[in-house]
Structure formats: structure tokens, C-alpha cells
Amino acid sequence: MHPTLTTILISFIVLTPLLGGGALYLLRKSSIGLKERLITVSTLIPLIITAFLYGPLRRGEELQKTFDLLPPLGLSYRVDILGFYMLLLFVFFGFVVSIYAQQYMKGDKKADRFFACMLLALGGCYGVALAGDFFTFYLFFEFMSLMFFVLVIHHQTEASLKAGLKFLFMTITAGVALFLSAVIILRETGSLALGQGGLVTEASPLALLAFCGFMVAFGTKAALVPLHFWMPDAYARAPLPAAVISSAIMLKTGAYGMLRVFGDVYGFSFLAGAGWAQPLIYLASLSILLGSAIALVQDDLIRRLAYSGIAQVGYIILGISLLQEAAVAGAVYHIMAHAFMKGTLFLCAGAVIRGMGTRKISEMKGAGHQMPGVMLCFSAAALTAVGMPPFNVFISKWYLSLGALEEGMPVLVGVLLVSSFLNAAYYLPIAIQAFFGVPAGHGDGQEEEEAFRQTAAARGEGQGDFKAGSWKTALPILILTIGCGAFGLLAVNWPLEIVKAGVKAFF
Amino acid sequence: MVALADAPVIILAFVFLASIAAFFLVRRNRRWGEGFALVSSILVFLTILSLYPALREGGPVVSAYTFFSFPLAIHFRVDHLGYSMALLISFLWVLAVIYSRAYMAHNHALDRYYGFLLAALGASLGIVMAGDMLGLLLFFELMAVTSYVLVIHEEDPPAMFAGGKYIYMAMAAGFAVFFSTILLYFEAGDLAFGSSGLLTDATPFTLAIFLGFLTGFGIKAGAFPLHVWLPDAHPAAPAPVSALLSGVMVKIGVFGLIRVFYEVFSIGLIQQAGWHRITLALAVITILLGSALALRQDDLKRRLAYSTIAQVGYIYLGLSLLTEVALTGALFHIFAHAMMKGCLFLCAGAIILQTGKRRISHLGGIGLKMPLTMACFTLAALSMVGIPPFNGFLSKLLLSLGALDAGAPAYVFLLIISSLLNAAYYLPIVVAAFFAPPGETGGNSLEAPPVMLAPIIVLAAGTFVFALAPANWPLEMARLIAGTMINHF
């Protein structure tokens with residue numbers, strides 16, 4: 001492919017959702033059908049372009065370029081295997097979730113604003129994955145977070161504003177920390193470029209300060225304990241598709257940033273020598289255990305999913321901070337595994353919440369009788385979370401455990417297994433009570449759903465089970481459920497192969 | 001041309017497809033669906049049976065291909081041990097499906113029942129035909145989930161409670177096996193069975209592997225102190241499922257341990273490190289505790305469940321004595337116990353279905369109303385006690401000889417005490433059933449329908465016919481397996 005053409009194509013991965021978001025705002029008076037098509041197209045095009053990047057990438061073509069924009073630093077993009085993996089994940093989930101959201105937000109008066117901001121946020125996420133240096137990364141990272149704020153406060157209830165502000169202040173703090181670190185690195189090494197493999201070569205106090213700054217920034221985004229406070233509130237108050245996007249995509253930008261810091265700014269071997277990542281192992285273990293334990297006592301389904309997300313991101317950070325090839329591969333694989341698993345759980349949760357009219361787990365008894373398809377997918381995803389073979393999480397757990405053993409820390413295998421057991425303890429009852437032991441029953445609604453219902457004339461419309469519902473609910477759920485288990489059943493687990501190839505570049 | 005090596009895969013693929021088909025067929029037309037489930041299970045049994053000549057001529061059937069990639073590929077391998085287990089499992093499943101036709105006739109959610117019944121068959125067969133620890137783990141977890149749905153089938157509060165206990169312990173079992181599997185892979189770099197011991201050193205690390213496996217498979221086997229789920233889950237399940245749980249599924253836990261003893265480690269290593277003493281101690285406690293608690297139960301199925309715990313102790317004992325004769329006894333007892341406990345649970349199901357009585361104290365005179373059922377119950381009970389020529393006698397004989405071989409005559413006394421306890425909790429049921437005071441003997445015949453009687457009679461016959469034949473085929477098989485396993489080293 002001609003380099004200029006490649007550049008134009010790659011720019012459009014980011015530009016399409018941004019333009020789509022803008023166009024949506026301009027077209028807010030036009031018909032719903034047109035707007036829906038616009039949303040679909042603006043998330044589909046990045047997916048198609050990204051798929052086409054695989055060929056050149058495999059042939060070893062250099063996919064990077066610096067633009068003369070925003071001097072003095074300049075924007076740049078760069079696609080390596082790891083970046084491609086993240087990008088593919090982001091554009092795929094962006095597309096799937098936007099399909100689901102179209103049905104979910106039907107009847108919401110402020111849906112236009114929601115979708116416009118969602119597309120803009122997605123554009124930001126894609127930009128993060130494409131970034132060729134930390135300045136570009138920083139730019140899109142901040143943009144994405146600001147757009148997400150609008151999604152969190154969507155219902156504009158008092159509680160959602162409070163949750164949104166909490167998120168906003170924490171994300172601004174994260175941004176400031178990232179800025180500080182980027183400035184230090186720029187001053188010390190004269191470069192912010194990614195893919196150079198270790199810009200920092202000396203363990204100076206400034207470098208350590210920058211490292212801490214990076215960890216605060218990305219730790220906040222990835223909801224690492226003790227920087228996780230924003231997440232459960234934001235998820236519980238935001239419309240569900242926003243929570244899915246955050247869980248499947250935005251959390252992962254935090255993990256991805258950490259990976260880039262470890263691999264490209266400092267280098268894994270440097271960090272292993274300096275020992276700076278050691279505290280992260282403890283924090284990640286704490287995240288895993290604390291997140292799982294708190295999830296256990298939540299009765300609000302969304303909150304349970306949110307706390308479980310804290311635990312799952314703990315897996316990823318644990319793997320990265322072990323600084324060992326198998327563990328990092330496990331962590332990067334878990335980025336994908338968690339996205340599919342948690343995505344399925346969230347989408348099913350949305351369908352069930354709409355179908356049963358409640359968010360309380362204790363009132364979801366017998367949901368499987370009313371919505372067998374949705375609850376079957378939920379159960380499959382729950383078993384994925386527990387780490388049953390052949391589902392994805394089993395594979396990440398496998399590599400994380402191998403890495404922990406390689407590093408001589410078998411106790412971490414125990415941590416993972418305790419967390420798996422806790423996962424079983426808080427997910428399986430939902431699946432069990434949906435199908436067994438209880439007759440079908442209804443419960444009461446809740447505040448945030450109330451806010452939706454007041455504006456939604458279309459409540460209940462197309463939110464039953466697959467048969468009764470729209471394909472826009474059913475198809476995303478089915479696709480994600482298949483993604484939970486299919487890769488391990490193939491003769492070659494190609495995401496795993498990509499992950500291994502991508503991680504190899506760091507070691 | 002289908003190669004012989006593909007047989008395990010074809011069998012498994014067929015069972016899982018059949019389980020899905022059975023679900024939808026039963027939903028559409030119950031009779032057709034039940035017929036389909038029966039035909040499928042018979043087909044599976046016959047296919048496994050037909051593998052025998054190949055196994056005898058050519059040794060283990062190893063699949064030519066590897067499958068999946070989560071994260072490693074798995075393959076299948078049917079050796080004599082796996083083959084005998086597969087044969088036993090599929091045979092009992094055929095009987096359970098036949099029996100279910102009458103027993104479950106008025107039950108709910110039959111589509112789910114038959115679907116999961118066949119899926120559990122597939123999972124169980126997968127475990128015994130797996131060629132490496134990862135494949136075993138895959139089917140082990142699958143069995144936990146599928147059998148859970150069978151255990152809670154009645155969906156009443158006791159079943160849900162029992163099921164909750166069961167699923168979490170089964171999950172814990174899966175995690176324990178995962179733990180040991182990953183440690184094993186790290187240490188040995190390989191998970192395949194069929195070599196003479198993947199591990200060669202006794203270190204704290206390999207001890208951790210051993211203990212992890214012991215915990216995981218011990219939970220499934222229902223051995224002390226991990227037996228707590230068993231007395232709840234086995235009685236709560238529908239009778240055909242109880243028969244399968246007690247008859248074969250607990251044996252799968254023991255099967256896993258045999259793999260650990262002889263394939264992961266080696267008998268020499270275990271002996272040298274002295275780890276068999278752990279399982280020996282567990283076996284003693286399991287036997288005594290199971291029998292003692294069985295004595296105190298008034299609920300018929302609970303008594304049978306505690307008795308299962310004690311009997312698993314026998315198998316543990318035979319396995320941990322590490323002599324050829326004792327291992328033969330343990331393997332033979334897997335078969336013997338499957339026959340007698342399967343028969344007893346099916347009889348209990350027939351009694352409960354026909355009379356609605358679960359309590360042993362209410363069963364006086366039942367033998368006159370259900371003569372055939374109780375006659376079979378009696379045969380199985382006598383086999384439990386260990387009277388010749390029943391199977392129970394043979395396994396006890398072999399275990400005792402094995403204990404003497406190992407220079408530990410104390411275990412012979414243990415077996416004798418357990419036999420006495422068996423007599424103490426089985427024979428009163430029989431005596432009360434046939435020789436009740438005259439006042440309680442009135443009433444019409446309540447004999448179970450032929451569909452239920454047939455499996456009961458087959459199993460009752462299974463408790464002694466092999467002993468009467470000139471060549472005791474299961475015993476020969478057990479000898480052959482034990483011989484190859486012990487002399488391998």
C-alpha cells in the first residue's frame with residue numbers, strides 16, 4: 001500500500017468517530033433511522049480499516065508517521081503488534097457496544113447527546129491505541145476522559161452528577177500526574193516516542209517520580225486500589241452502555257498506558273533491576289482480593305460488576321508488574337479476555353435489568369425463565385469469569401500463574417485461585433437463581449431506571465428475551481459470548497499468538 | 001475410513017451433540033426424546049465395547065490429533081484403566097436412562113434432565129479418556145457443572161442447599177486441580193499421561209502438587225475430610241442420578257488419584273517419600289467415619305450416601321497400600337461398588353416412588369409389597385457386607401491380601417470392622433422388610449414397573465454373576481491394569 005494512503009486510512013480510524021459525533025449533533029433533528037445508521041457506520045469504518053492493517057503489519061511494513069500538527073511536540077501515530085491488538089479490541093468493542101446502545105437508549109430524550117459524546121470518546125480511545133508518542137497519548141487520553149464525564153452524568157440526577165464529579169476530579173488528577181511524568185521524561189531523555197525500548201536508562205529520583213506519576217495516572221484509569229473510588233459510582237449512575245465502554249475499552253487504556261510505560265519508557269529489564277514495580281504487585285493483589293470481596297456483598301448488579309472489574313484489572317496489572325514474559329502475555333491476553341467476559345455480563349445485565357425492571361440481584365430470581373437466552377449467555381460469561389477451561393480467563397490465569405511461578409511467587413497462584421473462588425461465589429448464584437429453585441417473579445424499579453422510564457415511552461419494547469427483543473440486543477450479546485470461549489477451542493488461539501508476538505518485542 | 005485412533009473423539013463429539021439433540025427432542029416429544037437418549041447411550045456403550053479387541057491387540061488407543069489451544073492442545077488416550085472406567089460409566093448410564101423413563105415420568109423439566117444427563121456422560125467419559133492433565137481438568141470442570149444441574153433437579157430447598165454445597169466444593173476441587181496442574185507444568189514441562197512418572201523428585205514443591213491433586217480429586221471422591229457435600233447431594237438428587245453419582249462419579253475422583261499416583265508421580269517416588277501414608281490415614285478415617293455415620297441415618301438415601309463414603313475409603317486403602325494385589329482389589333472394588341451401590345440407590349428410588357417413604361423405620365413389611373425390588377436390595381446388601389460369592393467379598397479378599405503383602409495386618413481388622421458395620425446398617429433394613437410383624441404386611445402389591453425393575457435386576461445380577469463365571473472378567477481386567485501399573489517401574 002502507498003504510504004500516504006496508509007496514513008490517510010489510519011487517520012480515519014480516529015477521524016470517523018469524531019466526525020460522526022459532530023455530524024450526529026448537527027443531524028439531531030433528523031429521523032432516528034438516519035442517526036442510527038450514522039452511528040453504525042462511524043464505528044464500522046474504523047473496524048474495517050483496522051482489519052486491513054493486519055496484512056501490512058504482518059509483512060513488517062513500518063506503520064508510523066509524525067504530523068506537523070500542534071507544535072512544538074507534534075502528533076504521531078505508530079502501529080506495532082501490541083498497538084494493533086489494542087486497537088482491534090477497541091474498534092471491535094466500539095462497534096458492538098454502539099449497536100447494543102442504539103436499542104438500549106431508545107426513547108431517551110438526550111440520546112443524541114449521549115451518542116455524540118460516546119462517538120467522541122471512542123475516537124479518543126482509538127487515538128490512545130494509535131498514539132506514537134506520549135504527547136499524542138496524553139491528548140487523546142484526556143479527551144476520552146472528558147467525554148466520558150458527559151456520559152456518566154447523562155441522567156443528570158443528583159447522584160449521577162456527584163458520581164460524575166468524583167470521576168472528573170480523579171481523572172483530572174490522573175491527567176496532571178501524567179503531564180508531570182511526561183514533562184520529566186521529555187526533559188530527561190529528550191523524547192516521548194514509543195517503541196524505542198527504554199528511554200530512561202538511569203535510576204534517578206526524577207525518573208522514579210515520573211514512574212510514580214505514570215502509575216497514579218494509569219492506576220486511576222484502570223481503577224487500581226486505592227485509586228478505584230470513582231468506578232463503582234460512575235458505573236452505577238451512568239447509562240449501561242457507557243459502563244460497558246469504560247469497562248471494555250477505557251480501563252484498558254490505563255492498562256495499555258502502563259504497558260507502554262513499562263516497555264517503552266523504562267524497559268522491563270530496567271524496572272526489574274530498579275525494583276520499582278514491586279509495590280504494584282502488592283497493590284494489584286490487594287485489588288484482586290478486595291475487589292472480589294466487596295463485589296460479594298453488593299446487591300446492585302451493576303455495582304457487583306463494577307467491583308468485579310476492579311479485581312479483574314488487578315489481574316492485568318499483576319501480570320504486567322511481574323515483569324516476566326509469560327505473566328505479561330497473560331496480562332495482555334486478559335485485557336481481551338476481560339473485555340469479552342465483562343462485556344457479555346454487562347450487556348446481559350442491561351437486558352435483564354430492562355426485562356425484570358430491577359437492578360437488585362435478589363429480585364432477579366427466575367430471570368432465566370423469562371429470558372433464557374440472555375441468562376444462558378450470562379451464565380457462560382460467569383463461568384468464564386470463574387476461569388473454567390476452555391474459556392478465555394482460564395488462559396490468562398494459566399499464563400499469569402506460570403509467570404508467578406517463574407518469578408518464584410507461587411503464593412500469587414493462590415491469590416488468583418482465591419479470586420476465582422470469589423468470582424464463583426458472586427456470579428454463580430445469579431445464574432443459579434435465574435434458572436433453578438425459584439418461580440419467576442418481579443421486583444421494583446430503582447432510581448436511575450426511574451429516570452430512564454420517565455422519558456422512555458419505549459420501555460419494555462424490544463428488551464425481552466432474544467425472541468421478543470431486537471437483534472440489536474441479541475446479536476451483540478451472542479457475539480461477545482462466543483468470543484468468551486471460541487478462541488480456546490480453535491486449533492490455534494490467534495489472539496494469544498498476537499499477544500505473544502507483541503509481548504516478545506519488550507523482552 | 002475412520003481410524004481407530006479417532007474413536008475417543010468421535011464418541012465424545014457424539015455424546016455432546018446427542019445431549020443437545022435430546023434437549024430439543026424431549027421438549028418437542030417426550031417419548032421420542034427419551035427413546036433417543038436411550039438409543040444414544042446404548043450406542044455409546046456398544047462403541048466403547050467394540051474398542052476392546054483393538055485395545056487388547058495394540059495397547060492404548062491414542063488419538064492421532066490434538067485439539068483446542070486453551071493454552072495448550074489436549075489429546076485423548078484410552079488405556080486399560082480408562083477403558084474399563086469408560087465401559088463401566090457408559091453401562092451404568094444406559095441403566096440410568098432406562099430407569100429414568102419411569103422414575104421421572106411425572107417430573108418437571110425433562111428436556112433439561114435428559115440433556116444434562118447425556119452431557120454429564122460426555123464429561124465423565126472425557127475425564128477417563130483424556131490423555132493429559134489439561135484435558136482431564138477440562139472435563140472435570142465440565143462434569144462439575146453438568147452434574148450440578150442434575151443434583152438440583154428437584155429444585156426444592158433441600159436440593160438447592162445440597163446443590164449449593166456441591167457446586168462450590170466442586171469449583172474448589174477444580175481450582176485445586178488447576179493449581180497442581182500449573183505447578184506440574186512448570187516443574188515437568190509436560191502434562192501427558194503414559195510416561196513413567198512426570199515428576200521424579202520429592203520436594204516441598206512436588207508435595208504441594210500432590211496435596212493439590214489430593215484435595216481436588218478427594219473432594220470429588222468424597223473422602224474425609226472433604227466429604228461434606230456428599231451426604232447432602234446424593235440423597236437430594238433424583239434416584240437415577242444418585243445411582244450415577246455414587247456408582248461412578250465418585251470413582252472418577254479416585255480415578256484421578258490413580259492417575260496422580262501412577263502417571264504424575266510414580267509408585268517408587270510415592271513410597272520413598274512416604275506420601276501414601278497421608279492417603280492411608282485418610283482411608284482409615286473415611287471407612288470408619290462413613291460406616292459409623294451411616295449407622296445413625298434413618299433416611300434411606302442418606303444411609304446409602306454415607307455408606308458410599310466408607311466404600312470410597314476401601315478404594316483409597318487399596319490404592320495407598322502400593323502392592324499389586326491391593327491395587328487389584330481397589331480397581332475391582334470400583335466395579336463392585338458401582339454395581340451394588342447403583343442397585344441400592346435404584347431400589348431406594350423405586351421404594352420412594354412407589355410408597356413415598358424415605359425413612360428406614362417406616363419400611364417394615366416393604367419386602368412383601370415389593371418382593372423383587374427388595375430381593376435385589378438384599379443381594380446388593382449382602383454384597384456390601386462381603387459374603388461370598390458376591391463381588392464385595394472378592395474385593396475385601398484382595399484388599400486384605402494386599403494389606404498382608406504390605407505388611408500391615410491391622411488393615412485386615414479395619415476391613416472386618418467395616419464389614420460388621422455394613423451388616424449392622426444394611427441387614428436390619430432387609431430383615432424388617434421381609435419379616436415384619438403381621439399387622440404391617442397387608443395391602444396391595446406396590447412392585448415397581450418393569451422399566452425400573454430391569455436395571456435393578458441387571459445390577460443385582462452384576463453383584464455376583466461374574467464371580468460364578470469361569471473367568472471373572474472384571475477381575476481379570478483389574479489384574480491386568482494393576483499388573484501393568486505396578487510392574488511398569
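**Notebook: helices, core and contact in a two-chain model**

I began with α7(B), where 23 of the 32 residues are buried, so this helix is largely enclosed by the rest of the structure. I note at the outset that the model is predicted.

**Entry 1. Two helices checked for length**

I compared the length of α7(B), residues 157-188, with the expected span. At 1.5 Å a residue, its 32 residues should span 46 Å, and the end C-alpha atoms are 46 Å apart, which agrees. I then looked at what follows α7(B) and found G189(B), with a positive phi near 75 degrees.

I repeated the check on chain A with α6(A). Its 32 residues should span 46 Å at 1.5 Å a residue; the distance between the end C-alpha atoms is 46 Å, in agreement. After α6(A) comes G190(A), and the phi of G190(A) is positive, near 75 degrees.

**Entry 2. The loop after α6(A)**

I next looked up Q196(A), which sits in the loop between α6 (158-189) and α7 (205-221) of chain A. Is Q196(A) buried, exposed or partly exposed? I counted 13 C-beta neighbours inside 10 Å, so Q196(A) is classed as partly exposed; the buried class would require 20 or more. Setting aside residues up to four places away in sequence, Q196(A) touches S191(A) and D264(A). I also took the C-alpha separation of Q196(A) from F84(A), 112 residues away along the chain, and obtained 17 Å.

**Entry 3. P46(A) within a helix**

I located P46(A) in helix α2 (residues 32-58) of chain A. P46(A) has 27 C-beta neighbours inside 10 Å and therefore counts as buried. Which residues does P46(A) contact, leaving aside neighbours within four places in sequence? I listed I13(A), T16(A), P17(A), V91(A), G94(A) and Y126(A). I also recorded V14(A), which is 32 residues from P46(A) in sequence and 7.4 Å from it in space, C-alpha to C-alpha.

**Entry 4. The nonpolar core**

I turned to the largest nonpolar core and found 405 residues in it. The residues with the most contacts inside this core are A121(A), I317(A), C348(A), V151(B) and C343(B). Which helix gives the most to this core? It is α13 (residues 325-356) of chain A, with 22 residues. I followed A121(A) further: beyond residues up to four places away in sequence, A121(A) touches M144(A), M147(A), F148(A), L151(A) and I245(A).

**Entry 5. The contact of chain A with chain B**

I examined the contact between the chains, to which chain A brings 27 residues and chain B brings 21. On the side of chain A that touches chain B, at least two residues come from each of α15 (372-386), α16 (392-406), α17 (410-435) and α19 (471-489). I found that α16(A) gives the most to this side, with seven residues. By class, this side of chain A holds 22 nonpolar residues, five polar and no charged.

**Entry 6. A helix pair in chain B**

I looked at how helix α1 (residues 7-28) and helix α2 (residues 30-50) of chain B pack, and noted an angle of about 170 degrees with the axes 8 Å apart. That angle makes α1(B) roughly antiparallel to α2(B), because angles over 145 degrees are placed in that class. Among the residues making the contact are F14(B), A18(B) and L25(B) of α1(B), together with W32(B), F36(B) and V44(B) of α2(B). The contact of these two helices comprises 13 nonpolar, three polar and two charged residues.

**Entry 7. Backbone geometry**

I checked for cis peptide bonds and noted the one from P389(A) to P390(A), with omega near 0 degrees. P390(A) lies in the loop between α15 and α16 of chain A. In chain B, I noted a cis bond from P388(B) to P389(B), with omega near 5 degrees. P389(B) is placed in the loop between α16 (371-385) and α17 (391-405) of chain B.

I then looked up positive phi values in residues other than glycine, and F68(B) has one near 65 degrees. F68(B) belongs to strand β2 (residues 67-70) of chain B, and with 20 C-beta neighbours inside 10 Å it counts as buried. L322(B) likewise has a positive phi, near 65 degrees. Where does L322(B) lie? I found L322(B) in the loop between α13 (300-320) and α14 (324-355) of chain B. L322(B) is buried, with 20 other C-beta atoms within 10 Å.

Notes: Residues numbered from 1 in each chain as written. Chains lettered and ligands numbered in written order. Predicted model: local features only at pLDDT ≥ 70, side-chain atom pairs only at ≥ 80, totals over all residues. Contact = placed C-beta atoms within 7 Å. Helix = DSSP H or I, 4+ residues; strand = E, 2+ residues; numbered from the N terminus. Nonpolar A, V, L, I, M, F, W, Y, C, P; charged D, E, K, R; others polar. Axes fitted to C-alpha atoms, helices over the stretch in contact; angles between N-to-C directions. Parallel < 35°, antiparallel > 145°, perpendicular 65-115°, else oblique. Buried ≥ 20, exposed ≤ 12 C-beta atoms within 10 Å, placed from the backbone. Core = buried A, V, L, I, M, F, W, Y, C linked by C-beta atoms within 7 Å. Expected span 1.5 Å × (residues − 1).
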